Amino acid sequence: MSKKITVSKAIREGLLEEMRRNDKMFIMGEDMAVMGNVFAITTGFLEEFGPNRVIDTPISEEGFCGMAVGAAMRGMVPCVELMYNDFVTVCADPIFNQAAKMRYMTGGQCNIPMVLRCPMGSGRRNAGQHSQSLEALACHFPGLKVVAPCSAADAKGLIKSALRDPDPVVVFEHKLLYARKEEIPEDEDYLVPIGKADIKREGKDLTIITWSRAVNFSLEAAEMLAKEGINVEVLDLRTLVPIDWEAIKASVSKTHNVIIVSEEVKRGSYAGEISAQIAEELFDELDAPVERVCGLNIVSPFSPVLEDLNFPHPEDIAKAVKRVLNK
């Protein structure tokens with residue numbers, strides 16, 4: 001059995017089911033309780049679970065993320081939302097320096113079962129400080145798991161898996177995916193395993209490695225290219241850390257050509273890290289250099305026209321595929 005709901009409602013369902021399943025879980029962040037979240041994801045949670053488990057915080061990301069780390073150390077399961085992923089820079093110490101390292105620093109005596117939800121991405125005209133894709137920052141720090149779903153089913157399944165994981169998980173949710181309506185299983189035990197990629201489209205000529213909203217753009221590009229006789233495989237990583245290297249290896253060994261598509265700024269991107277790893281470990285499988293299709297190295301513009309030029313679209317992805325294939 002399945003049903004069709006939006007990505008935001010799928011995340012809401014996942015949170016609701018886990019709150020009911022585990023009384024040690026609580027939700028915390030700006031406007032999460034009375035308002036029910038700026039994207040209406042936690043509407044009604046305060047009435048069902050009360051103010052001790054659904055907590056409105058001051059505008060102090062470092063403070064409430066530090067509180068979440070302490071609560072996780074004491075056996076609670078905090079699910080914290082940053083209203084925008086851009087604010088991860090404000091709470092860098094409790095997330096990158098404390099949560100990520102605590103299991104190692106205590107010799108395995110203490111783990112941090114917390115989830116940090118991070119709405120990300122361009123396209124809502126939110127300007128430079130509310131439109132970034134900062135997954136590369138989270139991926140840099142050992143000790144953090146990082147996921148970035150593209151669909152309603154993956155979003156629900158991954159958030160539930162993250163909330164059951166003994167380690168800190170950062171969940172990047174593209175804001176412009178929230179309104180997409182898609183089929184999801186009607187199953188409260190439905191989980192998507194962390195660390196497992198998914199082939200969203202089979203192909204033989206080239207592999208597109210991607211995640212989050214760029215998956216949907218890549219699938220559109222693949223359909224455009226199919227009309228010209230170019231058969232592209234789209235590999236959705238879903239989990240960035242730990243990366244599903246076996247899935248990448250299998251796909252690259254089949255197609256022998258790769259582009260990596262993400263919305264993040266190209267300089268210092270996680271796409272660059274994946275590209276380097278492919279060059280180091282799968283060089284003999286490549287027929288051409290790996291190409292990255294990413295956002296421009298600029299501050300995200302507020303102007304709609306300029307903002308839409310700032311991240312890759314299906315046409316840009318299709319052009320990159322043709323460049324790599326010399327077509």
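Two strands are said to pair if DSSP finds at least two bridges between them. In this predicted model, strand β1 (residues 2-6) and strand β8 (residues 181-185) meet that condition, because 5 bridges join them. The two strands run antiparallel. One of the contacts links Thr-6 to its bridge partner in β8, Lys-181.

Lys-181 also belongs to the uncovered face of β8, along with Glu-183 and Pro-185. The covered face of β8 holds Glu-182 and Ile-184. In a regular strand the side chains alternate between the two faces of the sheet.

Strand β13 (residues 258-265) is mostly covered, with 7 of its 8 residues buried. Here buried means a relative accessible area under 20%. Two strands pair with β13 in the parallel sense. Strand β10 (residues 206-210) does so over 4 bridges, and Thr-210 has Val-261 in β13 as its bridge partner. Strand β14 (residues 291-295) is likewise parallel to β13 and joined to it by 4 bridges; there, Val-265 is matched with Gly-295 of β14.

The chain also links β13 with β14 by way of a helix. Helix α10 (residues 270-281) combines with these two strands in a β-α-β unit, and the unit is right-handed.

Further along the sequence, helix α11 (residues 304-308) contains Val-305. Val-305 counts as exposed because its relative accessible area is 61%, and the cut-off for exposed is over 50%. Together with Leu-306 and Leu-309, Val-305 forms a nonpolar patch on the surface. The three residues have about 320 Å² of accessible area together.

Definitions and conventions:
Residues are numbered from 1 along each chain as its sequence is written. This is a predicted model: local features need pLDDT of at least 70, side-chain atom pairs count only at pLDDT 80 or more; totals for chains, interfaces and linings use all residues. Side-chain values use heavy atoms; hydrogens and water are left out. Patches are made of residues with over 30% relative accessible area and no salt bridge: like charges are joined within 9 Å, nonpolar side chains (Val, Leu, Ile, Met, Phe, Trp, Tyr) within 5 Å. Accessible areas come from the Shrake-Rupley method with a 1.4 Å probe; for residues, only the protein chains shown count as cover. A salt bridge is a side-chain nitrogen of Lys or Arg within 4 Å of a carboxyl oxygen of Asp or Glu. Buried means under 20% relative accessible area, exposed over 50%, partly exposed in between (1.4 Å probe, protein chains only). A crossover is right-handed if, with the strands pointing away from the viewer, the path from the first strand over the helix to the second runs clockwise.
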